[in-house]
Amino acid sequence: MLNERFTLSNGVTIPKIGYGTWMIEDSKAAEAVKSAIEVGYRHIDTAQAYQNEHGVGEGIRSSGIDRQELFITTKLAAEIKNYAEAVDAINASLDRLGLYYLDLMIIHSPKPWAAFQEEEHYFEGNVAAWHALEDAYNEGKIRAIGVSNFEKADLQNLFDHGTIKPMVNQILAHIGHTPFDLIDYCQGNQILVEAYSPIAHGEMMENQEITTLAKKYHVSVPQLAIRYCLQLDLLPLPKTASIEHMKNNADVAFTISEEDLTRLKEITMNDYGSNNEIPVFKRAATK
């Protein structure tokens, strides 16, 4: 599966499974990324907010793999909602990562994290940040541009006021929380949907129905969760520091039956345990 790819709307190809680095400290990111690349991952996902771009870049360089074989994503901080700051931040990410170009850069959220639960959409600020990404794309600094956590209204704002459509929308999507309307809207506009926290930050391990189905297929719960995303044409971004789990997460060459896929689509999860107060999980839990 690590060799299979989706094709973005501009023709750029992207590995179907990414390696997420959320909550991996900068000091530990280099070793984690190097290990993931050794396992076979070629798609690495980081963000300015993760504060580990330097370590991720170090892991990329120490891997010994040709840069062109890798697909590197980072995210523009959610708080940046003007053009000048966005331009500076794009260049800063390139510097911290030690790269000449990025394969994908996305706006991390339409709203600053402190205002994530509020009604304001920050339309004007998102257009300004988007124009900075468009310019960096046109200059060859970024091969593809996109967004994260954007709802239909936020996407429509960029359709109306941008010159390039987002190529990716990275959203919270997993068994028990699959926003089908938003996914259909994105896919209908040739936007690839990436699924972060595809294992619900580990909470689905406690779900009896999910664990029962995993046993039926003789796979782990994470494998079932990742396969679920792939069969919906979503790009999962599992995160782990364990080499064993990295290998397990990529070993998903099985097929969930249509009947079982329907069962999984109908499951509801709205409790993220100790992570309930993290903005993206808090919103999902209250929906």
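The following exchange concerns the packing and the salt bridges of a predicted model.

Biologist: On what basis are residues numbered and local features accepted?

Modeller: Residues are numbered from 1 along each chain as its sequence is written, and side-chain values use heavy atoms, with hydrogens and water left out. In this predicted model, totals for chains, interfaces and linings use all residues, side-chain atom pairs count only at pLDDT 80 or more, and local features need pLDDT of at least 70.

Biologist: How are helices α8 and α10 oriented to each other?

Modeller: Helices (H or I, at least four residues) and strands (E, at least two) are DSSP runs, numbered from the N terminus. The axes of α8 (residues 221–231) and α10 (residues 258–266) come within 11 Å and cross at roughly 100°; axes are lines fitted to C-alpha atoms, for helices over the stretch in contact, and angles run from 0 to 180 degrees between N-to-C directions. Angles under 35 degrees count as roughly parallel, over 145 as roughly antiparallel, 65 to 115 as roughly perpendicular and the rest as oblique. The crossing therefore makes α8 and α10 roughly perpendicular.

Biologist: Which residues of α10 meet α8?

Modeller: Contact means heavy atoms within 4.5 Å. On the α8 side the residues are L224, Y228 and Q231, and their counterparts in α10 are L261, L264 and K265.

Biologist: Which element gives the largest share of the largest nonpolar core?

Modeller: A nonpolar core is a set of buried Ala, Val, Leu, Ile, Met, Phe, Trp, Tyr and Cys residues joined through side-chain atoms within 4.5 Å; buried means under 20% relative accessible area, exposed over 50%, partly exposed in between (1.4 Å probe, protein chains only). The largest such core has 96 residues, and those with the most contacts inside it are Y19, I175, M204 and L224. The largest share of this core, seven residues, comes from α8.

Biologist: Is P238 buried or exposed?

Modeller: P238 lies in the loop between β10 (235–237) and α9 (243–250). Not counting residues up to four places away in sequence, P238 touches I17, G18, Y19, G20, P198, I226 and N249. With a relative accessible area of 2%, P238 is buried.

Biologist: What is the relative accessible area of S197?

Modeller: S197 is placed in the loop between β9 (192–196) and α7 (208–216). Leaving aside neighbours within four places in sequence, its contacts are W22, L172, A173, H174, L237 and F281. S197 is buried, its relative accessible area being 10%.

Biologist: How many residues apart are D45 and K75, which meet in a salt bridge?

Modeller: A salt bridge is a side-chain nitrogen of Lys or Arg within 4 Å of a carboxyl oxygen of Asp or Glu, and the whole structure has nine. The side chains of D45 and K75 meet in one of them (2.5 Å, N to O). D45, in strand β4 (residues 43–45), and K75, in strand β5 (residues 71–76), are 30 residues apart.

Biologist: Is D103, the salt-bridge partner of R143, buried or exposed?

Modeller: The side chains of R143 and D103 form a salt bridge (2.8 Å, N to O). R143 is partly exposed, with a relative accessible area of 33%. D103, at 0% relative accessibility, counts as buried.

Biologist: Which residues are joined into one network with D260?

Modeller: D260 forms a salt bridge with K216, the closest N and O atoms being 2.7 Å apart. The pair links helix α10, which holds D260, to helix α7, which holds K216, 44 residues apart. Salt bridges that share partners join D260 into one network with E209, K216 and R263.
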